[in-house]
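Q: Please take a close look at the salt bridges in this model, partner by partner. I would also like to know how the strands around them are arranged.

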Amino acid sequence: MASGVKPRVKVPKKAAAGDVITIKTLISHKMESGQRKDKEGNVIPRSIINRFTCDFNGENVVDITLEPAISTNPFFEFEAKVPEAGEFQFTWYDDDGSVYEATKSIAIG
Amino acid sequence: MELTRRNAILLGASAVLASGLPALASTVTDDAIATFTGGAAVGEGDLKLTAPEIAENGNTVPIEVASSTAVEIMVLATGNPTPSVATFKFGSMAATRNASTRIRLAGTQDVVAIAKLEDGSFVQASSAVKVTIGGCGG
């Protein structure tokens with residue numbers, strides 16, 4: 001597992017029903033592209049997050065496939081509908097099989 | 001000119017030099033596009049790709065894709081060793097078909113976005129980015 005992986009998500013605490021909210025996510029990850037070489041000239045093996053998904057109450061918001069050309073500490077910003085109170089579930093899938101998760105609940109008010 | 005063995009080799013070598021590298025790069029991009037679209041024609045339309053004109057650091061170039069009817073958007077960096085960058089799929093809870101992220105660019109090049117719209121057609125948008133320091137490491 002890549003060390004020091006920490007997901008960070010910014011979701012408003014509450015919204016009016018039917019509102020559109022902006023979600024920002026960032027996960028600290030070195031995103032080794034598999035193109036770089038170390039001091040001895042050996043290729044450093046690829047180690048990236050290859051998929052990110054965001055769901056709201058079990059329904060998909062976005063599903064993003066990541067390739068090595070995504071920057072270190074992958075950042076995403078997108079917009080979601082909030083028809084009701086509920087929970088956003090964020091999932092990152094690492095090349096090495098690890099899965100990083102974060103959840104944020106949102107209230108209507 | 002007689003077609004001797006020497007001339008044939010010379011001809012072959014110069015043809016490879018003239019067309020080899022750029023053709024290779026564009027084939028990879030074209031292949032990626034063809035896989036995504038399934039060979040359908042790609043038009044222009046409801047898709048906007050926002051990228052900086054000049055990026056000082058190719059390691060982290062902010063880009064944004066926006067569309068009002070896209071179900072899927074693929075981003076390609078045509079000048080990277082591997083052109084694929086990311087594919088965004090929008091689900092039922094996505095309020096808009098906009099997303100932004102940060103990408104790596106190996107050098108000055110065109111960034112291309114291709115979207116599959118709700119009606120099944122494909123549209124394309126591209127943006128040229130000048131990169132001062134490449135982002136793929138040596």
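A: A residue is called buried when its relative accessible area is under 20%, exposed when that area is over 50%, and partly exposed in between. Keep in mind that this is a predicted model. With those cut-offs in hand, let's go through the pairs.

The count over all chains comes to four salt bridges. One of them joins the side chains of A:Glu32 and A:Arg36, with N and O 2.8 Å apart. Is the acidic partner buried or exposed? A:Glu32 has a relative accessibility of 6%, which is under 20%, so this residue counts as buried. A:Arg36 reaches 37% and is therefore partly exposed. In this salt bridge, then, a buried carboxylate meets a partly exposed arginine.

Another salt bridge pairs A:Arg46 with A:Asp95, and here the closest N and O atoms are 2.9 Å apart. Which parts of the chain does this pair link? A:Arg46 sits in the loop between β3 (19-28) and β4 (49-56) of chain A, while A:Asp95 sits in the loop between β7 (86-94) and β8 (99-108) of chain A. These are distant parts of the chain, 49 residues apart. Both partners fall in the middle class: A:Asp95 is partly exposed at 30% relative accessibility, and A:Arg46 is partly exposed at 39%.

The next pair to look at is A:Arg51 with A:Asp63, whose closest N and O atoms lie 3.0 Å apart. A:Arg51 belongs to strand β4 of chain A and A:Asp63 to strand β5 (residues 59-66) of chain A, so the salt bridge ties together parts that are 12 residues apart in sequence. A:Arg51 has 33% relative accessibility and is partly exposed. A:Asp63, at 12%, is buried.

Now for the strands. Six strands form an open sheet that takes in both chains, in the order β1(A)-β3(A)-β6(A)-β7(B)-β4(B)-β2(B), with antiparallel pairing. Its edges are β1 (6-10) of chain A and β2 (48-50) of chain B, each of which pairs on one side only. From one strand to the next, the twist averages 20°.

Within chain A, β3(A) and β6(A) are held in antiparallel pairing by eight bridges. There, A:Lys24 has A:Glu77 of β6(A) standing opposite. The step from chain to chain comes at β6 (residues 75-82) of chain A and β7 (residues 94-103) of chain B, which run antiparallel and are joined by four bridges. At this step A:Ala80 stands opposite B:Ala94 of β7(B). On the chain B side, β7(B) is also joined to β4 (residues 61-66) of chain B, again antiparallel, through five bridges. B:Ser100 in β7(B) is the bridge partner of B:Glu64.

A few totals for chain B complete the picture. Chain B holds one helix and nine strands, with the helix coming before the strands along the sequence. Of its 138 residues, 38% are buried. Among contacts between residues at least 6 apart in the sequence of chain B, 63% join residues at least 24 apart. The accessible surface of chain B is about 7,200 Å², and carbon and sulfur atoms account for 57% of that area.

Key
Residues numbered from 1 in each chain as written. Chains lettered and ligands numbered in written order. Predicted model: local features only at pLDDT ≥ 70, side-chain atom pairs only at ≥ 80, totals over all residues. Heavy atoms only, no water. Pairing = 2+ DSSP bridges. Helix = DSSP H or I, 4+ residues; strand = E, 2+ residues; numbered from the N terminus. Buried < 20%, exposed > 50% of the residue type's maximum accessible area, 1.4 Å probe, protein only. Contact = heavy atoms within 4.5 Å. Areas by Shrake-Rupley, 256 points an atom, 1.4 Å probe, with all protein chains shown as cover. Axes fitted to C-alpha atoms, helices over the stretch in contact; angles between N-to-C directions.
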